[in-house]
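Reader: I've got a model open on my screen and I'd like to learn how to read it. Can you walk me through it?

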Amino acid sequence: MLHYEPKDLSVAEVHRLLLGGVAPRPIALVSTISKDGANNLSPFSFFNAFGANPPIVAFSPSRRGRDASLKDTYKNLIATKECVIQAVTHSMVEQVSLASAEYEPDVDEFIKSGLTPTDSDIVKPKRVKESPFQMECKLLEMKSYGDGGASANIAICEVLKFHVTEDLFTIGIIDPLKIDLVGRMSGDFYTRADSGVFIVEKPIGKKCIGYDQIPQHIRDYEIYSANDLGKFGNSESIPSEVEVKVFIQNIIEEKLEKFESSIDAFQRYHRLNDYKKMLKAALMMKENKKLNIALASKIALKNNDVDFAWRAALYGRTLK
């Protein structure tokens, strides 16, 4: 085995060890409100439940690692003593990741993530409509340990009210397959109860455009899931019309081995997740061109080729 004492490691090295070895971790999607009434929404994976009588949960809005500054969630909790903690499911994970981007304090992460605020019954912070498990909470105590980068602040909260989607239950318990929770691992890795480990690109250090800047025709197209839109929103820019035009022309002109442009071939490429051949075939076919181009874009997103997906999706806007 390798043996380490924290005093011999950098803070970043200690952090990486904890993230990799203390996992998978449940994710608290925490909504707060500032003393001036501004919404804030942010996920935290140092989180768990610690008692049922009264119901106690805790999470850590730790200091930022780069400069030891305090996060908006911490400041809002100190000021208002209220929050709502939501469970994170697979269907919303990309949007939740987008909410973790570091926006200015006056930016509403509900808008940037595309998640839907809904009124709470007891506390002032909004609940997240997309989460099937929500807890309205009051802050009992904030414990702080150190004032350096990545030092812990532990928000100890009492649950005042639970909101749980009715169809999650099987024989009186919340069915893990129905709630479909995700957990946090190290780096960009997450885990899902029924299918193992997957990757979500972290927006840390990026100036993400956010959900609200995605062109309306993409947001309105039912083929794209909330997670698909979250991946688009995690981008720092949108390709220009010239870039899209050059990209499409290159796809048309590119010679691909064993390529066919029939509907049967398109469906085969779809099954194989070969989004480049899907797009080329879609461009050469007359039937369902807009839909098939969108399908190629969606498969590119599935394979985390967001740049390809953007260009295909934007070209689809020019079609009827």
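Reader: How many residues does the hairpin that joins S4 to S5 run through?

Author: Helices (H or I, at least four residues) and strands (E, at least two) are DSSP runs, numbered from the N terminus. Here the hairpin takes two residues to get from S4 to S5. It's a predicted model, so local features need pLDDT of at least 70 and side-chain atom pairs pLDDT 80 or more, while totals for chains, interfaces and linings use all residues. Residues are numbered from 1 along each chain as its sequence is written, and side-chain values use heavy atoms, without hydrogens and water.

Reader: In which sense do S4 and S5 pair?

Author: Two strands pair if DSSP finds at least two bridges between them. S4 (residues 47-52) and S5 (residues 55-59) have five, in the antiparallel sense. Take alanine 49: its bridge partner in S5 is valine 57.

Reader: What is the volume of the second largest pocket?

Author: On a 1 Å grid over the protein atoms alone, a pocket is an open set of points where a 1.4 Å probe fits, with protein on both sides within 12 Å along at least five of seven lines; lining residues have an atom within 4 Å of a point. Points are joined across faces, edges and corners, and the volume is the space filled by probe spheres set on them. That gives about 380 Å³ for the second largest pocket. Of its 19 lining residues, Pro26, Ala87, Phe133, Ile179 and Leu181 are the closest to its centre.

Reader: Which element gives the largest share of that lining?

Author: Our hairpin strand S4, with three residues.
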